[in-house]
Amino acid sequence: MQYRTLPHGGEQISVIGLGMGSIHQAGVEETERTVRAAIDAGVNFLDFVPSEAAAFEGYARALRGQRDKVMLQVHLGADYSSGKYGFTTDFAATKREFEARLAVLGTDYADFGFIHCIDEDADFDKVMNGGTWDYACRMKQEGVIRHLGFSTHSVDIARRFLATGAMDLGMFSINPMYDYTSESAYGKGEADDRAALYREFERAGVGISVMKAFAGGQLLDARQSPFGQALTHAQCIQYALDRPGVLTVLPGVRDRADLDRVLAYLDASDEERDYSVLGAMAPQSSAGSCVYCNHCQPCPEGIGIGMVNKFYDLARLGDDMAARHYRDLEVHASACRQCGHCDARCPFGVEQSARMREIAAYFGE
């Protein structure tokens with residue numbers, strides 16, 4: 001397993017987490033086996049929003065004796081009073097359901113207390129001013145919540161949460177379909193704006209946990225993919241992990257077989273993870289934008305082209321730390337000899353040689 005560091009707190013989070021939306025389909029015994037197998041494989045970040053309350057027992061059994069090995073993402077606003085998943089912005093229901101989730105899991109704290117699935121301004125205003133936010137902050141002061149977070153599909157709502165300055169993690173839907181097309185209501189925001197948002201997460205020191213990395217399975221099926229071509233699990237996971245700010249990807253699993261398919265990413269080769277085929281699939285409006293995929297590597301001069309671009313984009317947003325990180329690099333953009341190797345290899349049509357001149361000038365080299 002590979003791990004990334006939570007900026008606010010320093011915890012090490014596995015790059016593969018566990019989404020639980022469909023785990024209820026497995027039954028109690030299989031749910032327990034699947035969750036235990038994930039933990040044994042080094043998965044230490046678990047989401048807890050199953051589609052039905054029937055998943056609770058197997059999930060809780062898997063955590064017995066292992067609570068200290070994992071970090072739980074528990075949502076404020078997920079409502080299971082009917083036995084199935086529901087959504088609420090009512091404070092009394094939110095408080096009751098959050099405390100019930102901790103009880104059923106046999107724990108007295110949530111590593112991440114998430115304001116759940118806010119996509120509309122009216123819902124944002126209600127949870128932030130109607131008692132839920134104050135309750136979440138109080139729970140953090142008391143240690144019941146270790147870190148505050150949120151989930152949304154909206155670029156604008158994500159920015160409103162980031163503006164609070166109180167968040168440590170945001171759950172956001174990231175995949176090529178949502179980033180480059182308007183085929184889904186979940187992919188809210190233009191491609192450039194979504195790319196800018198990921199950099200804003202990183203600049204703010206707020207990590208991203210990724211939901212819907214496969215677009216509900218559409219990207220894995222050529223007949224359903226808006227690109228007319230299927231991607232693999234490994235390609236989708238790598239794409240998400242390459243976005244700025246991303247710490248972990250949380251694929252939904254239904255059973256051990258699903259888990260094994262996801263964990264196969266860890267043993268996949270660079271070629272199997274390579275998603276540069278998107279350069280021929282994504283619309284022309286995405287051309288010319290570096291997505292930090294590093295398909296242009298290796299640079300003959302040793303420039304880390306993806307990282308140089310990333311630090312530059314962040315520095316232009318006013319991120320002084322990114323500017324310092326750039327200056328600490330052993331090889332800067334100014335080392336570029338304009339050989340054109342990267343230009344020929346970039347699947348997104350970025351003229352990296354010209355970009356290197358631009359970056360060198362920006363940093364006064």
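Let me begin with one residue, Ser 276, which, once its neighbours within four places in sequence are left aside, is in contact with His 295 and Pro 347. Please keep in mind throughout that what we are looking at is a predicted model. Ser 276 is found in the loop between helix H11, residues 270-273, and helix H12, residues 278-281. Is this serine buried or exposed? Its relative accessible area is 13%, and because buried means under 20%, Ser 276 counts as buried. The C-alpha atom of Ser 276 is also separated by 7.6 Å from that of Cys 293, a residue 17 places away along the chain.

From that loop I would like to move to the sheet. Strands of a sheet pair through backbone hydrogen bonds, either parallel or antiparallel. In this model there is an open sheet of seven strands, paired in the parallel sense, and reading across it the order is E3-E4-E7-E8-E9-E10-E11. Which strands form its edges? They are E3, residues 45-47, and E11, each of which pairs on one side only. From one strand to the next, the twist of this sheet averages 30 degrees.

To look at one pairing in detail, take strand E8, residues 145-152, and strand E9, residues 169-173, which are joined in the parallel sense over four bridges. Thr 152, for instance, has Phe 172 in E9 as its bridge partner.

Two helices can now be placed against these strands. Helix H6, residues 155-162, lies across strand E7, residues 110-115, as well as across E8 and E9, and it runs at about 155 degrees to E8. Helix H9, in turn, lies across E10 and E11, running at about 155 degrees to E11.

How enclosed is H9? This helix covers residues 233-241, and eight of its nine residues are buried, so it is largely enclosed by the rest of the structure. Among the buried residues of H9 are Ala 234, Cys 236, Ile 237, Tyr 239 and Leu 241, and the two glutamines, Gln 235 and Gln 238, are buried too.

There are also two backbone details that I would ask you to find in the loops. Lys 212, in the loop between strand E10, residues 207-211, and H9, has a positive phi of about 55 degrees although it is not a glycine. With a relative accessibility of 27%, Lys 212 counts as partly exposed. Gln 338, which is likewise not a glycine, has a positive phi of about 60 degrees, and it lies in the loop between H14 and helix H15, residues 341-345. Its relative accessibility is 32%, so Gln 338 counts as partly exposed.

Finally, let me turn to a pocket, the second largest in the model, which holds about 530 Å³ of space. Its lining is made up of 27 residues, and those that lie nearest its centre are Glu 202, Gly 245, Met 307, Lys 310 and Phe 311. Which elements contribute at least two residues each to that lining? They are strand E1 (3-5), helix H8 (191-204), strand E11 (246-249), helix H13 (305-316) and helix H14 (320-328). H13 provides the largest share of the lining, namely five residues. By class, this lining has 13 nonpolar residues, along with seven polar and seven charged ones.

E11 is therefore a good strand to trace on the screen, because it is an edge strand of the sheet, pairing on one side only, while H9 lies across it and it supplies at least two residues of the pocket lining.

Definitions and conventions:
Residues numbered from 1 in each chain as written. Predicted model: local features only at pLDDT ≥ 70, side-chain atom pairs only at ≥ 80, totals over all residues. Heavy atoms only, no water. 1 Å grid on protein atoms, 1.4 Å probe; cavity = no way out; pocket = protein on both sides within 12 Å on 5 of 7 lines; lining within 4 Å. Points joined across faces, edges and corners; volume = space filled by probe spheres on them. Nonpolar A, V, L, I, M, F, W, Y, C, P; charged D, E, K, R; others polar. Buried < 20%, exposed > 50% of the residue type's maximum accessible area, 1.4 Å probe, protein only. Pairing = 2+ DSSP bridges. Axes fitted to C-alpha atoms, helices over the stretch in contact; angles between N-to-C directions. Contact = heavy atoms within 4.5 Å.
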